[in-house]
Amino acid sequence: MADLAAKTKNKMSKSAKKEALTGYLFLLPNFIGFLIFIAIPIFTGFFISFTDYTGFGTANFVAFDNYAKMFGDSQFKAALQNNLFYTLTSVPLTLLVSLLLALLLNKSFFGSGFFKTVYFFPNLTSMVAIGCVAMLLFQPQSGPINQLLLSLGVPAESLPEWFFSTKTAMITVVIVVVWKQAGYYMILFTGGLKSIPPQLYEAAKMDGANGWKTFWNVTWPMLSPTTFMCTILCIIGSFQVFDIINVTTEGGPGRSTMVLVFRIYREAFRSGKMGYASAIAYFLFVIILIVTIIQWQGQKKWVNE
Amino acid sequence: MKRIVTFLLAAVFVFSVAACSSNDSGTSGSSSSAGGSSADETSTAGQSTANTDDIIINLYAHSDNQSAAEAQAAAYNAKDNGITVVTHIIANDDYDDKLKVLAAGSSGELDVFWVRSPSQVKTFMNNGVLADLSAFASDTGLDLTPIEGPLTNVSDDSGAFYGMPWTSSCWMLFYNKELFDAKGLDYPVNLTWEEYCDLAQELTYEEGGTKYWGGIVPNWTLNLGATSADEYLTADEPMERAMEYSTYLHRMYVEDKSNLGIAEMSAGTFDIHSYFGAGNIYMMVNGDWEFNLLETDFEYGAAPMPVLDGVEEGSTVGQASYFCISKDSKHPKEAYEFIEFMTTTAEGTSIIVEQTKNVPCYSTDEAMAVFEELVKVEGVEYRFSAKIKDEQGTEPYYESLNEIYRQEIELYLLEEQSLEEAFENYYALREETIGNS
């Protein structure tokens, strides 16, 4: 009897091993790709960050020179400051707009499906195309947005310069990016809202809760896992912003929209300082890692599982 | 059975990934996607059917030079001398970055490639990417006298040079003859920048619902006037010429508004040729590539670029472009033979003019005859009497200086800081940049 049980267990174990092997074989191509195109470059970049590699020839070890140079580089400091500002504005705005849209479109009404599609459309469009169009829309003199503001009675001298003033350039970038990505997070929030048990709303209604109280005591806590995920994704994405900057302002006017990834690109491909660019990239990685860890630790306090 | 199928599927995936990787390296990393060519790059073989014994020379050029590069390759391939040139065209906007990746790849697939400026050739030289061409030139007995100047920019201390100059550029002033004739004004020849600004202001007005602009000076070379006066971004403080030129830009862009503003010129869709070609702009400062690119319904003329006070008339800026050979090329001698054909022979230089209307650095009578036949613009002779200064410095950090200079002057032209502040900031950042380089 014991032998039979052992044989059965072995058979099951063999069968489980076969299943596992099948699974690994299916994962193997993707894993090889991950290894070649992501993992190896990441590790190589780490070592390059300690060298003076220019992309050509051999790399000479320079220890922590690149990291030390970073903190004396005013271009880097400006990029870091701008990126923090961008994160602190674009993330809350994106989450707010997308949550509002999700709440509005969560109710079934005629055309809600159409509007969900319309708000998601910008997410499907290339940021390069959006950037080119944004440059035309936000033209200070002849752009349609300022023309509209003029027609609404805003004095010409008070019209914003949008991309062409250090005071408004980054905000303009934030507006464009929020418009593009709000649809994506709206879909995520919609999924989160659909997963909230309706009995909770019924119970709240029976208890006499109004709209705000229902939102604050039922919707918001139950949505916290989705909010947590969206916040992490949004923050990580905000530190990786590049394409909209490259197409519209190229870091200007002055250095007002210079961000970290754009700085990395300039140092690596325009100035030929691969080692220094790698150091900045790893610094960015550390920032994102720290922020993500803080969020993961913080989730225990405010995320309902 | 299931396991066999699984193994087969996994093997197919793995081998297809491996095949794509080797295919990418075989084309020198020319595409980030699997396969030999991307949408940004096209490859064409020569017109003659390549003999399998032929030596293959890979030629890389950018999209603006596509017709010239392909025509020269076709002409060379027609000689059927055992060498077949295969052209690879990369989109102009991506060319400089992709070329660096290709050159760093050291795969041996990169033979001959176009380089935009002497400073870029210097960068490649300093990184040991380029083959020394002086020995090859010595073997063929080529007379280098006509190109001594451009060769100096790409030579090292031992006298070895690393690029063959292909075309040279020259900034000029273009004007709408019909508008000037309608106003009964003399054509704007040999102006100073002061005179240019005065004239542009006078010629900016609105009439019959159409806005007429006095001139257009593009905002991507904010040190143009000072460079033509031999003051580069590395000049000692105070950079008086640069400050003087900046005040003229401020006058045009901000005070007189006789030029399109920075906002309009920075729009992604801004195309200076289309703006000037619309016929409501009196003058345009741009390079002699406009002889090829400008398509207008009106007759236009060319004149020397305006100069700062005290600077010799006809002074302007320009630069040579080069064809270089990778030091990892498997056939450098054959690659050089092709380059020499492209850049110095009557046939090669004539093709340059036919396809680009640019002036070859190695001037041949045949090429000049073609140029005279094709470019019948009043004032074109100023192109050949121009005193051309190099457009950029050749220091390795010059590109960084360009960037910080642009940042500060843009703020001045957007009225966010004064001229003095702009230059004080520039000096401080320059010191930091040079110290960090």
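**Exercise 1. Domains of chain A**

Which domains does the domain assignment of chain A give?

*Solution.* This is a predicted model, in which local features need pLDDT of at least 70, side-chain atom pairs count only at pLDDT 80 or more, and totals for chains, interfaces and linings use all residues. Residues are numbered from 1 along each chain as its sequence is written, and chains are lettered from A and ligands numbered from 1 in the order in which they are written.

Step 1. Read the bounds, which come from an automatic or database domain assignment. Domain 1 of chain A covers 1–43, and domain 2 covers 65–125 + 182–302.

Step 2. Take the centres over C-alpha atoms. They are 36 Å apart for domain 1 and domain 2 of chain A.

**Exercise 2. The contact between the chains**

Describe the side of chain A that touches chain B.

*Solution.* Step 1. Apply the contact rule: two residues are in contact if their C-beta atoms, placed from the backbone, lie within 7 Å. Chain A brings 34 residues and chain B brings 33 residues.

Step 2. Assign elements. Helices (H or I, at least four residues) and strands (E, at least two) are DSSP runs, numbered from the N terminus. Helix 1 (2–48), helix 5 (127–137) and helix 12 (260–270) of chain A each give two or more residues. Helix 1 of chain A supplies the largest share, 9 residues.

Step 3. Sort by type. Ala, Val, Leu, Ile, Met, Phe, Trp, Tyr, Cys and Pro count as nonpolar, Asp, Glu, Lys and Arg as charged, and the others, Gly among them, as polar. This side of chain A has 15 nonpolar, 14 polar and 5 charged residues.

**Exercise 3. Helix 3 of chain B**

Find the span, the bend and the packing of helix 3 of chain B.

*Solution.* Step 1. Helix 3 of chain B (residues 92–105) has 14 residues. The expected span is 1.5 Å times one less than the number of residues. From first C-alpha to last, helix 3 of chain B reaches 20 Å, close to the 20 Å expected.

Step 2. Helix 3 of chain B bends by about 30 degrees at Lys98(B). The bend is the angle between axes fitted to the seven residues ending there and the seven starting there.

Step 3. A residue is buried if 20 or more other C-beta atoms, placed from the backbone, lie within 10 Å of its own (exposed: 12 or fewer; partly exposed: in between). Buried residues of this helix include Tyr95(B), Lys98(B) and Leu99(B).

Step 4. The buried residues of helix 3 of chain B pack against helix 12 of chain A. They also pack against strand 2 (55–62), strand 3 (83–90), strand 4 (112–115) and helix 4 of chain B.

**Exercise 4. Gln120(B) and the domains of chain B**

Why does Gln120(B) count as buried?

*Solution.* Step 1. Gln120(B) is buried because it has 22 C-beta neighbours inside 10 Å.

Step 2. Gln120(B) sits in helix 4 (residues 118–126) of chain B. Its C-alpha lies 7.9 Å from that of Thr394(B), 274 residues away along the chain.

Step 3. Place both residues in the assignment. Domain 1 of chain B is 36–169 + 319–363, and domain 2 is 171–318 + 392–436. Their C-alpha centres lie 32 Å apart.

Step 4. The contact takes 14 residues from domain 1 of chain B and 11 residues from domain 2 of chain B. Helix 4 of chain B gives the most to the domain 1 side, with 5 residues. That side divides into 2 nonpolar, 10 polar and 2 charged residues.
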